[in-house]
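Here are my notes for someone opening this model for the first time. Please keep the sequence and the 3D view side by side while reading.

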Amino acid sequence: MSILLIGETILDQNVLLKSKEISSHTKMNKYIFQKLTNNEGGASNIYKILRKKKIFFFSNNLNQKLKTHFSISDTKIKKTRFWFKKKIIFQINSISDNKKIKLEKKYLNKLLEKLSQSKILVISDHNYGLINKNVLIKIIKYANANSIKIYYDSQHRKKIFGEYIPKKIDFFLMNRDEFKQYLHYFKIKSTNRIKSLMLLRNKLNSQNLVLKLDKEGCVCWTKNNEYIKINPVKNKKNLIGAGDKFLAKLVSMNSEKNLKKKLAVCNKYAIS
């Protein structure tokens with residue numbers, strides 16, 4: 001199984017705070033530091049899970065010495081989250097959500113070359129513009145013309161009007177917020193989730209539409225017009241990175257024919 005993965009690498013830095021006090025000097029709240037953890041998230045999280053497969057990874061800020069990597073931008077994306085009592089109380093991003101990193105034109109040919117050698121295309125994080133509209137159109141069109149299976153992880157946008165929304169996708173994944181955005185965009189007013197998924201899949205002209213519901217499990221409207229519901233798994237861990245794990249597991253089980261079984265495994269793995 002040869003896989004081409006494209007997406008943004010995001011450094012997730014988590015600062016754990018263990019207690020809160022009132023400063024004797026400023027009379028303001030102060031938190032006592034407990035622990036600092038660093039993790040390469042976003043598309044890199046997916047790559048780590050799939051790295052034992054035959055995979056090539058296009059992203060930003062990568063180690064160029066590795067033969068399975070290709071860095072198409074030097075931009076570093078870092079998110080520092082401050083946690084207290086299992087809740088995020090503050091977050092600092094290294095770049096603004098409005099800043100866009102760019103895939104340089106000279107790298108597009110290399111991208112298409114690697115795509116021609118692949119059986120599966122995985123499009124992951126691209127909120128910061130690493131994969132722009134024109135690139136998306138080209139690689140999806142090429143994949144469709146050459147029977148390359150596409151896994152697309154939908155991205156959350158405050159405004160999707162005028163944006164390019166990929167169609168003809170084999171597995172189109174989205175979370176609750178993205179689902180609501182698409183329903184609004186396509187003017188789907190049904191309050192019935194099953195009917196809404198069916199109508200949206202028709203609008204997207206895609207094979208399998210997967211709605212991730214975090215701790216409540218997931219649902220899917222399939223290419224065979226079947227509704228699949230996967231029950232939630234009890235777990236008290238935070239869900240940062242769960243979507244990446246879900247997608248990675250789904251890709252790794254590409255050859256599994258039983259879709260309900262596959263989604264159940266992915267859901268359990270995502271919050272493990």
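1. Begin with N205. It sits in the loop between α5 and β11 (208–212). This is a predicted model, so treat the angles and distances below as computed from a prediction. Phi of N205 is near 50°, a positive value in a residue other than glycine. Most residues other than glycine have a negative phi. At 45% relative accessibility, N205 counts as partly exposed, because that class runs between the 20% and 50% cut-offs.

2. Two further residues call for a check of the backbone. K187 has a positive phi too, near 60°, and is not a glycine. Its place is the loop between α4 and α5. With 69% relative accessibility, K187 is exposed. S147 comes just after α3, and its phi is positive at about 55°.

3. Now step into helix α5, which covers residues 193–204 and holds R201. Is R201 buried or exposed? Its relative accessibility is 10%, so R201 counts as buried, the limit being under 20%. Look next at what surrounds this arginine. Leaving aside neighbours within four places in sequence, R201 is in contact with S206, Q207, L209, W221, T222, K223 and N225. Take T222 from that list. It is 21 residues from R201 along the chain, and the two C-alpha atoms are separated by 8.6 Å.

4. Helix α4 spans residues 176–185 and includes Y182. This tyrosine is buried, with a relative accessible area of 2%. Between the C-alpha atoms of Y182 and I165 there are 9.2 Å. Along the chain, Y182 and I165 are 17 residues apart.

5. Helix α3 deserves a look from end to end. It has 13 residues, 133–145. At 1.5 Å a residue these should span 18 Å, and the end C-alpha atoms are 18 Å apart, so the two values agree. Which residues of α3 are buried? They are V135, L136, I139, I140 and A143. Seen down the axis, these residues fall within an arc of 115°, so they line one face of α3. An α-helix has 3.6 residues a turn, so residues three or four places apart point the same way. The face of α3 turned away from the buried side carries exposed N134, K141 and A145. On the buried side, the packing partners are β1 (2–6), α2 (108–115), β8 (120–123) and β9 (149–153).

6. Turn to α2, one of those partners of α3. Its buried residues are L108, L111, K114 and L115. They fall within an arc of 125° when viewed down the axis of α2, so they too line one face of their helix. A lysine, K114, is in this buried set. What covers the buried residues of α2 includes β1, β4 (54–60), β8 and α3.

7. Helix α7 can be read in the same manner. It runs over residues 259–270, 12 in number. From its first C-alpha to its last it reaches 16 Å, close to the 16 Å expected at 1.5 Å a residue. The buried residues of α7 are L259, K262, L263, C266, N267 and A270. Down the axis of α7 they fall within an arc of 130°, so they line one face. They pack against β10 (171–174), β11, β12 (218–221), β13 (227–230) and α6 (242–252).

8. K52 is worth a short stop. Its place is the loop between α1 (43–50) and β4. At 80% relative accessibility, K52 counts as exposed. How far apart in space are K52 and S252, C-alpha to C-alpha? The distance is 10.0 Å, although K52 and S252 are 200 residues apart in sequence.

9. Last, the second largest pocket. About 310 Å³ of space lies in it. This pocket is lined by 15 residues. Nearest its centre lie K149, F171, N208, K223 and K257. By class, the lining has three nonpolar, five polar and seven charged residues. Three of these names tie back to earlier points: K223 is among the contacts of R201, K149 falls in the range of β9, and F171 falls in that of β10.

Methods. Residues are numbered from 1 along each chain as its sequence is written. This is a predicted model: local features need pLDDT of at least 70, side-chain atom pairs count only at pLDDT 80 or more; totals for chains, interfaces and linings use all residues. Side-chain values use heavy atoms; hydrogens and water are left out. On a 1 Å grid over the protein atoms alone, a cavity is a set of points where a 1.4 Å probe fits but cannot get out, and a pocket is an open set with protein on both sides within 12 Å along at least five of seven lines; lining residues have an atom within 4 Å of a point. Grid points are joined across faces, edges and corners, and a volume is the space filled by probe spheres set on the points. Ala, Val, Leu, Ile, Met, Phe, Trp, Tyr, Cys and Pro count as nonpolar, Asp, Glu, Lys and Arg as charged, and the others, Gly among them, as polar. Helices (H or I, at least four residues) and strands (E, at least two) are DSSP runs, numbered from the N terminus. The expected span of a helix is 1.5 Å times one less than its number of residues. Buried means under 20% relative accessible area, exposed over 50%, partly exposed in between (1.4 Å probe, protein chains only). The arc is that of the directions from the helix axis to the C-beta atoms. Contact means heavy atoms within 4.5 Å.
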